[in-house]
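Trainee: Hi, have you got a minute to go through this one with me?
Mentor: Sure, pull it up and we'll start with a helix.

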Amino acid sequence: TELGVERRFVPESCPRAVRPGDFVRYHYLGAFPDGTRFDSSYDRGSTFNMFVGKGQLIAGMDKALVGMCVNERRFVKIPPKLAYGSEGVPGVIPPNAVLHFDVLLIDLWNLEDEVQVQTYFKPEKCPRTVQVSDFVRYHYNGTFLDGTLFDSSHNRMRTYDTYVGIGWLIPGMDQGLLGMCVGEKRIITIPPFLAYGEEGDGKEIPGQASLVFDVVLLDLHNPKDGIAIENQLVPESCVRRSQTGDFLRYHYNGTLLDGTLFDSSYSRNRTYDTYVGKGYVIAGMDEGLLGVCTGEKRRIIIPPHLGYGEEGRGKIPGSAVLVFDIHVVDFHNPSDSVSITVHYKPSNCTVLSKKGDYLKYHYNASLLDGTLLDSTHSLGKTYNIVLGSGQVVLGMDMGLQDMCVGERRTVVIPPHLGYGEDGVEGEVPGSAVLVFDIELLELVSGLPEGYMFVWNGEVSPNLFEEIDQNHDGEVLLEEFSEYIQTQVETGKGKLAPGFDFEKIIKNMFTNQDRDGNGKVTAEEFKLKDQEAKEEHDEL
């Protein structure tokens, strides 16, 4: 004669219980005391959905559901006076029937409910939160209140990407995402009137269903965003900043806003080399690389419309904000020339280096970021060259000009006057600016341009006869070499310093051997000033 309620299963967590006025969705089996079934929501494949305490249910069920939790199971015995009484339901429930119901509560909500947000992880740093009109990328698991999964972006291995607050989402999700930080995780519980309402979505979500979204925010930006720059390290000495048209070499780590690494120049052990402001890189990087110093480290945050847009690229998903942590190794401009800074110059600096001089000097060679490439000090010997003869890169030839013995200077050489785009494999990176700290130790004056040998005094009028020692009218290479060597040893003549003696002699002899037969005759033999006069007369 009385209502009987047996709680056969109660979940450990019960944040909310049914109260009069709540709307509930539940499954049930209806049977008579002898076990004969008269009804089942399971057979119909849909829950029974009603308000509690508003007379929409039989009185016994209205009372039996109060205090129930989602996922709780109750066995309910309802006497006739709280069910269908003496009339019953013709053809289904006889008069004065006691009814047994096995009830499982699936969902409950109230018309006064709002979106519930429970944050269970929030990053320590939260420089920005989701606002109306922001574009977000997030992962989610979507379940009903009873925990049944109906959708998951994780299963599709693709984020859900959308604008917030402009009607692209159900109203409850529009509200639930506001104020989130990148990396934040929250549970958003949405009543049906702020979700898919009475009709559901026509597929997985039934009508009047409360929805629970477990969300992790991966990315957010606004279409009005520009790039953001965070200076991490700026050298104290910054004599020059990058401008449009400069060529930069830099290292970088490229990540998404959630920290996922998508690329790194460090992993390739090679800098990224490019012109700035010329469209060779994405627009945001073109802008972010302007105004940097050599050695500077900065973070450049690039919204997708200044990055790879809606389509993305490779490991970069569409509409992704990009974060580049860069380290500028060096930069130059194609119009740059050699830069010379003199640190010490002797007071008695009268003899200056010029083309053709033989120089001995020490140097330390490094990149602009200070990386040491080479040093003569470590080898314990000087570097020796003939200035302007092409024995060193063009920039070094220029940097050693007009230098006196004992002088110390720093020479900065742009790559187009150094080792160019290719560099030197294993030693000098391509497109690298070079820095040489130089000390000139010795200078041997060279000969006038075009000369390999000069006389220190008057030239003998019988020069050919003196060289032709056997007086046969022909001079062989051996005779020529012996004679020139004697003139040098006795101080009567001087060879161009810094070159191999035998190569100079052979070159001089070849110039005189005009018919190429290995012998020089008196008719072929001419001094350099005689050759110049004949050429002038002919012209």
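Mentor: One rule before we begin: the expected span of a helix is 1.5 Å times one less than its number of residues. Keep in mind that this is a predicted model.

Trainee: OK, how does α10 do by that rule, and why?
Mentor: Helix α10 covers residues 477-489, and its 13 residues should span 18 Å at 1.5 Å a residue; the end C-alpha atoms are 18 Å apart, so the two agree.

Trainee: Which residues in α10 are buried?
Mentor: Glu 479, Phe 480, Ser 481, Tyr 483, Ile 484 and Gln 487.

Trainee: And what covers them?
Mentor: The cover includes α9 (463-467) and α11 (501-512), along with strands β25 (453-455), β26 (474-475) and β27 (493-495).

Trainee: What happens just after α10?
Mentor: Gly 491 takes a positive phi there, about 80°.

Trainee: Switching topic, how is the chain divided?
Mentor: Into domain 1 (4-109), domain 2 (116-221), domain 3 (228-332), domain 4 (339-444) and domain 5 (453-521). The unreviewed UniProt entry places "domain: PPIase FKBP-type" at residues 21-109, 133-221, 245-332 and 356-444.

Trainee: How much area is buried between domain 1 and domain 2?
Mentor: About 780 Å², with carbon and sulfur atoms giving 54% of that. On the domain 1 side, Arg 25, Asp 107 and Trp 109 supply 55% of the area buried against domain 2, more than any other three residues.

Trainee: How many salt bridges cross that interface?
Mentor: The rule finds 0 between domain 1 and domain 2. As for contacts, 10 residues of domain 1 touch 10 residues of domain 2.

Technical notes:
Residues are numbered from 1 along each chain as its sequence is written. This is a predicted model: local features need pLDDT of at least 70, side-chain atom pairs count only at pLDDT 80 or more; totals for chains, interfaces and linings use all residues. Side-chain values use heavy atoms; hydrogens and water are left out. UniProt positions are given in the numbering used here, feature names are shortened, and annotations may be inferred rather than shown by experiment. Helices (H or I, at least four residues) and strands (E, at least two) are DSSP runs, numbered from the N terminus. Buried means under 20% relative accessible area, exposed over 50%, partly exposed in between (1.4 Å probe, protein chains only). Contact means heavy atoms within 4.5 Å. Domain bounds come from an automatic or database domain assignment. Buried area is the accessible area (1.4 Å probe) that two parts lose on being put together, summed over both. A salt bridge is a side-chain nitrogen of Lys or Arg within 4 Å of a carboxyl oxygen of Asp or Glu.
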